[in-house]
Amino acid sequence: MKMSTIWLLIITLISFSTTVKASIGDRSQFYSNCINNCRKDRCINAVEFKENPPLNLRLLYWTCKEDCSYSCMWETVHFFTSRGLHVPQFHGKWPFIRMSGLQEPASVIFSILNFYAHATYYLKFKKEVSSSSPMFFIWTWFTVICLHGWFWSAVFHARDKYFTEVMDYSCAFAIVLTLLYCLLLRLLCRDGIRSKVFTLTTGIYLAVLYSHLSHLWSGRINYGYNMKFNIVVGFLTFIITMIWWYRNHKRLPHVHLVGWFTVLTVSVTLLEVADFPPIFWIFDAHSLWHASTVPLVNLLYRFIIMDCQYLKRQYLKLEADRL
């Protein structure tokens, strides 16, 4: 992938990075009238139903107001499309078919698959790499962050609430930043990670993480700023990885795995700027992006396993030379 293509991707991502929370669908008079009529007919108040809703809605804490929003969303979609108009968005999102109470079922399923992939490959990592190997606990920390992140991704796409949204955004940023942190420690790892280098790198990592999470939990998310910050961190990871790959492709035969992981991750992120109504009202660009990251986990953990084994051999060789 040429650098000009990468720069074009970064500029495109940034230009699309502002999320709009109000959309033509929820601003339409038809939708407003539908909501008012629905709440009069079906709701005791914003939370309680006049009649018991299905079990799956009760289990996932759907309120009467939210259920009215869902029903009126589809009535509004029909109103628009029957008059030859485009499918409208609602609160910055496309309409999805609700399945078993899940708001975005495809994204939920693909998030679970990502969680499963990380859990499965980590078990393989633990089996093949000794806990005494350099970077073992660093990559273990990365896996913990990833599992936490994909768990909250599934929860958020199941039920879009303020808390689940902030957890999803927080964990997504933590994954992006932690990958950069782990790769930096790996680059600085020669004959083991020196305590001063580890302390300094970890201090910067925690400071950046705390600063951005404080913004996300401030009560008002700046979606454009959050996206741009994620892109900057991700692009920094890409540049560092590409340079490391180029300079070490002969000495480290396994470095191409993390190189291709990074290139493909950047490539599939193009799906994040695609904008189209969900296919079958289930698969949108974001869910397809989640789907595309599942097979990439294999590349990353193959690199992690082979690199830890390589570092272990180098460490033992240095110890033998000192004797």
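Where in the chain does E104 lie? In this predicted model, E104 sits in the loop between α5 and α6, the latter covering residues 105–128. Buried or exposed? With a relative accessible area of 7%, E104 is buried, because the cut-off for that label is under 20%. Setting aside its neighbours within four places in sequence, E104 is in contact with K93, F96 and H157.

On the larger scale, the chain splits into domain 1, residues 23–82, and domain 2, residues 105–321. Their C-alpha centres are 38 Å apart. What lies between the two domains? Both domain 1 and domain 2 give residues to the lining of the second largest pocket, so this pocket lies between them.

Now for the pocket itself. The second largest pocket has a volume of about 810 Å³. Its lining is made up of 27 residues, and those closest to the centre are S69, F90, H91, Q103 and D160. Three elements each put two or more residues into that lining: α3 (29–42), α5 (64–81) and α8 (162–188). Of these, α5 gives the most, with 5 residues.

As for chemistry, the lining of the second largest pocket is a mix by class: 12 residues are nonpolar, 11 are charged and 4 are polar.

Technical notes. Residues numbered from 1 in each chain as written. Predicted model: local features only at pLDDT ≥ 70, side-chain atom pairs only at ≥ 80, totals over all residues. Heavy atoms only, no water. 1 Å grid on protein atoms, 1.4 Å probe; cavity = no way out; pocket = protein on both sides within 12 Å on 5 of 7 lines; lining within 4 Å. Points joined across faces, edges and corners; volume = space filled by probe spheres on them. Helix = DSSP H or I, 4+ residues; strand = E, 2+ residues; numbered from the N terminus. Nonpolar A, V, L, I, M, F, W, Y, C, P; charged D, E, K, R; others polar. Domains from an automatic or database assignment. Buried < 20%, exposed > 50% of the residue type's maximum accessible area, 1.4 Å probe, protein only. Contact = heavy atoms within 4.5 Å.
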